[in-house]
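Biologist: Let us go through this model by question and answer. Please show the sequence and the structure, and then we can start.

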Amino acid sequence: EHHERDLVHLGVVGILDPPRPEAAAAIAEAQSAGIRIVMITGDHPTTAVKIGESLGIQREGRPARGVSGRDLHAADEAVFDDLVRANDVFARVEPEDKLRIVETLQGDGEIVSMTGDGVNDAPALKSADIGVAMGITGTDVSKESSDMVLLDDNFATIVSAVKEGRTI
């Protein structure tokens, strides 16, 4: 306690972690190929919506709207499913809700690919049709839970792989 007296506020520091420059173009290409992009993040909902907007993660004619993990976690099954169907940006989401998002999409007949890098992503990575762990920033648990490891941690690589796969 004696160290926390007579302090003077000098300022505030902000840190920016911008998306990769190629991410927006890769997302647009995926969307034009009929792939729905959903962002699930630990960021604050306001931050998540801004990132989603900057990357173009929203459906045609619909503004990006972030759904908080608190709203998801409190929702009964029917409301949860409706939120997942209607929204593409989810923020401050718990691991069990990530898993429920994957299962809701699969229940609708969607083929779900999930990317992740943390221990908290492991259940959803395991449950997804194609779990993709980040090779650089990913934890061992996320890599072991996934079907594939993305060596460059770059979403554009996934889009290129889908394009190549569709060509084949």
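Biologist: In which helix does Ile-158 lie?

Modeller: This is a predicted model, in which local features need pLDDT of at least 70 and side-chain atom pairs count only at pLDDT 80 or more, while totals for chains, interfaces and linings use all residues. Residues are numbered from 1 along each chain as its sequence is written, and side-chain values use heavy atoms, with hydrogens and water left out. Helices (DSSP H or I, at least four residues) and strands (DSSP E, at least two) are runs numbered from the N terminus. Counted in this way, the element that holds Ile-158 is helix 8.

Biologist: Is Ile-158 buried or exposed?

Modeller: Buried means under 20% relative accessible area, exposed over 50%, and partly exposed in between (1.4 Å probe, protein chains only). The relative accessibility of Ile-158 is 17%, so this residue counts as buried.

Biologist: Which residues is Ile-158 in contact with, leaving aside its neighbours within four places in sequence?

Modeller: Contact means heavy atoms within 4.5 Å. Ser-145 is 13 residues away from Ile-158 in sequence, yet their C-alpha atoms are 18 Å apart in space. With neighbours within four places set aside, the contacts of Ile-158 are Thr-115, Val-132 and Leu-150.

Biologist: In what order do the strands of the open sheet with strand 4 and strand 6 at its edges stand?

Modeller: Two strands pair if DSSP finds at least two bridges between them. Three strands form this open sheet, with parallel pairing, in the order 4-5-6. Strand 4 (113–116) and strand 6 each have a single partner strand, so one side of each lacks a neighbour in the sheet. The order is thus 4-5-6.

Biologist: Which residue of strand 6 is the bridge partner of Val-132?

Modeller: Strand 5 (residues 130–134) and strand 6 run parallel and are joined by three bridges. Strand 4 pairs with strand 5 in the parallel sense over four bridges, and there Thr-115 stands opposite Val-132. On the strand 6 side, the partner of Val-132 is Met-148.

Biologist: How many residues of strand 5 are buried?

Modeller: Strand 5 has five residues and is mostly covered. Its buried residues number four.

Biologist: Where does Asp-153 lie?

Modeller: Asp-153 is buried, with a relative accessible area of 12%. Its phi is near 55 degrees, a positive value in a residue other than glycine. Most residues other than glycine have a negative phi. As for its place, Asp-153 sits in the loop between strand 6 (148–150) and helix 8 (155–167).

Biologist: Is Arg-92 buried, partly exposed or exposed?

Modeller: Arg-92 belongs to the loop between strand 3 and helix 5. Its phi is also positive, near 55 degrees. The relative accessibility of Arg-92 is 47%, so the residue counts as partly exposed.

Biologist: By what angle are neighbouring strands turned in the open sheet of strands 1, 2 and 3?

Modeller: Three strands form this open sheet in the order 1-3-2, with parallel pairing. Strand 1 (39–41) and strand 2 (66–68) stand at the edges with a single partner strand each, so one side of each has no neighbour in the sheet. With axes as lines fitted to C-alpha atoms (for helices over the stretch in contact) and angles from 0 to 180 degrees between N-to-C directions, the average turn between neighbouring strands, direction ignored, is 20 degrees.

Biologist: Which residue of strand 3 is the bridge partner of Ile-40?

Modeller: Strand 1 pairs with strand 3 (residues 89–91) in the parallel sense over three bridges. Helix 2 (residues 45–55) lies across strand 1, strand 2 and strand 3, at about 150 degrees to strand 3. The strand 3 partner of Ile-40 is Phe-90.

Biologist: Which elements are among those that cover the buried residues of helix 4?

Modeller: In helix 4 (residues 77–86), the buried residues are Phe-80, Asp-81, Leu-83 and Val-84. Down the helix axis they fall within an arc of 160 degrees, so they line one face of helix 4; the arc is that of the directions from the helix axis to the C-beta atoms. Among the elements covering them are strand 2, helix 3 (69–74), strand 3 and helix 5 (95–107).

Biologist: How far is Arg-100 from the ring centre of Phe-80?

Modeller: A charge sits over a ring if NZ of Lys or CZ of Arg is within 6 Å of the ring centre and within 35 degrees of the ring normal. Arg-100 lies over the face of Phe-80, and its distance from the ring centre is 3.7 Å.
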